[in-house]
Amino acid sequence: APFKDKQIMEIFRLENKADIVQWFAEKTEQFFGGWKEWVAEKNKSLIRQALDYMERNYAGVCSLGDVASTVHLSPKYFSRLFKQHTGISFVEYLTGIRLEKARFLLRNTDMPVTEVAREVGYDDSNYFSTVFKKKYHLSPLEFRKTAFGREADKSLRAMASSAGNGV
């Protein structure tokens, strides 16, 4: 109640139409400025929720429509908002998550490529291999050999240098 009384007193102190118009313009600007900040924070929160959902569900069906519905937005609006906040499209982001998880599995397991593909959300291992090769310029098998080769080389170098030091 005191806030409203203060605002009413401000209005009564205004002396002419121009002052009243100016006062309303300032209050409207303040309102919309605050509203824009609120919307921006709300959108950031929705995108964070979407990213969390994608991180948890990348291996399953994780479509734009699914993720948009979890944050209660239309797919079209969500897609635009997602790109505004992340700088890349929904599909690019999801592909990035899946390929990073695939790289981890290829480096750290002996799972067949078809199983790695399924594990990270690709039913078609040929498509997975195509996407993987497009991103990393190596097939998943070539990557695995290279990744394991680098690790083996590091281990051998470390063993050789410690043997050379009399350790």
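Me: Is K133 buried, partly exposed or exposed, and how do I read that off?

Reply: Go by relative accessible area: a residue under 20% is buried, one over 50% is exposed, and partly exposed covers what lies in between. This is a predicted model, and in it K133 comes out at 42%, so K133 counts as partly exposed. K133 sits in helix α7.

Me: What does K133 touch, once its neighbours within four places in sequence are left aside?

Reply: Look for contacts with residues further along the chain. Here K133 is in contact with L138, S139 and E142. You can also look at backbone spacing: K133 and F143 are ten residues apart in sequence, with 9.0 Å between their C-alpha atoms.

Me: Where is S139, then?

Reply: S139 is in the loop between α7 and α8. With its neighbours within four places in sequence set aside, S139 is in contact with F132 and K133.

Me: Is S139 buried or exposed?

Reply: Check the number against the cut-off again. Buried means under 20%, and S139 has a relative accessible area of 19%, so S139 is buried.

Me: F132 turned up there. Which residues does F132 touch, not counting residues up to four places away in sequence?

Reply: Quite a list: L99, A102, R103, L106, H137, L138, S139, P140 and F143.

Me: How do I read a nonpolar core, and which residues in the largest one touch the most other members?

Reply: Treat the core as a network of buried nonpolar residues joined through side-chain atoms, then look for the best-connected members. The largest core has 33 residues, and M54, V67, F78, F128 and F132 touch the most other members. The elements that give two or more residues to this core are α2 (17–57), α3 (64–70), α4, α5 (90–108), α6 (113–119), α7 (125–136) and α8 (140–164). The most comes from α5, with seven residues.

Me: How many salt bridges are there?

Reply: The count comes to two salt bridges. For each one, ask how far apart the atoms are and which parts of the chain are being linked. In one of them the side chains of K101 and E55 meet, at 2.8 Å from N to O. That pair links distant parts of the chain, with K101 in helix α5 and E55 in helix α2, 46 residues apart. K101 is partly exposed at 28% relative accessible area, and E55 is partly exposed too, at 36%.

Me: Where do E100 and R103 lie?

Reply: Both are in helix α5, three residues apart, which is about one turn of the helix. Their side chains meet in a salt bridge at 3.8 Å, N to O. E100 has a relative accessible area of 44%, so E100 is partly exposed.

Me: Now the surface. Which residues form a nonpolar patch?

Reply: For a patch, check who belongs to it and how much area the members have together. I8, M9 and F12 form one on the surface, with about 330 Å² of accessible area together. F12 lies in helix α1 (residues 2–13). The cut-off for exposed is over 50%, and F12 has 65% relative accessible area, so F12 is exposed.

Me: What about P75: where does it lie?

Reply: P75 lies in helix α4 (residues 75–86). Its relative accessible area is 38%, so P75 is partly exposed. Leaving aside neighbours within four places in sequence, P75 is in contact with L64, G65 and A68. P75 and L64 are eleven residues apart in sequence and 6.2 Å apart in space, C-alpha to C-alpha.

Me: Stepping back, how many helices and strands does the chain have?

Reply: Eight helices and zero strands. Read along the sequence, the pattern is α-α-α-α-α-α-α-α. Buried residues make up 25% of the 167 residues. To see how sequence distance plays out, take contacts between residues at least 6 apart in sequence: 53% of them join residues at least 24 apart. The accessible surface comes to about 11700 Å², and 57% of that belongs to carbon and sulfur atoms.

Me: Where in the chain is confidence lowest, and where is it highest?

Reply: Start with the overall figure, then go element by element. The chain has a mean pLDDT of 85, and 83% of its residues reach 70 or more. Confidence is lowest in α8, at a mean of 69, and highest in α6, at 97.

Definitions and conventions. Residues numbered from 1 in each chain as written. Predicted model: local features only at pLDDT ≥ 70, side-chain atom pairs only at ≥ 80, totals over all residues. Heavy atoms only, no water. Helix = DSSP H or I, 4+ residues; strand = E, 2+ residues; numbered from the N terminus. Buried < 20%, exposed > 50% of the residue type's maximum accessible area, 1.4 Å probe, protein only. Contact = heavy atoms within 4.5 Å. Patch = residues over 30% accessible without salt bridge, like charges linked within 9 Å, V, L, I, M, F, W, Y side chains within 5 Å. Areas by Shrake-Rupley, 256 points an atom, 1.4 Å probe, with all protein chains shown as cover. Salt bridge = Lys/Arg side-chain N within 4 Å of Asp/Glu carboxyl O. Core = buried A, V, L, I, M, F, W, Y, C linked by side-chain atoms within 4.5 Å. pLDDT = per-residue confidence, 0-100.
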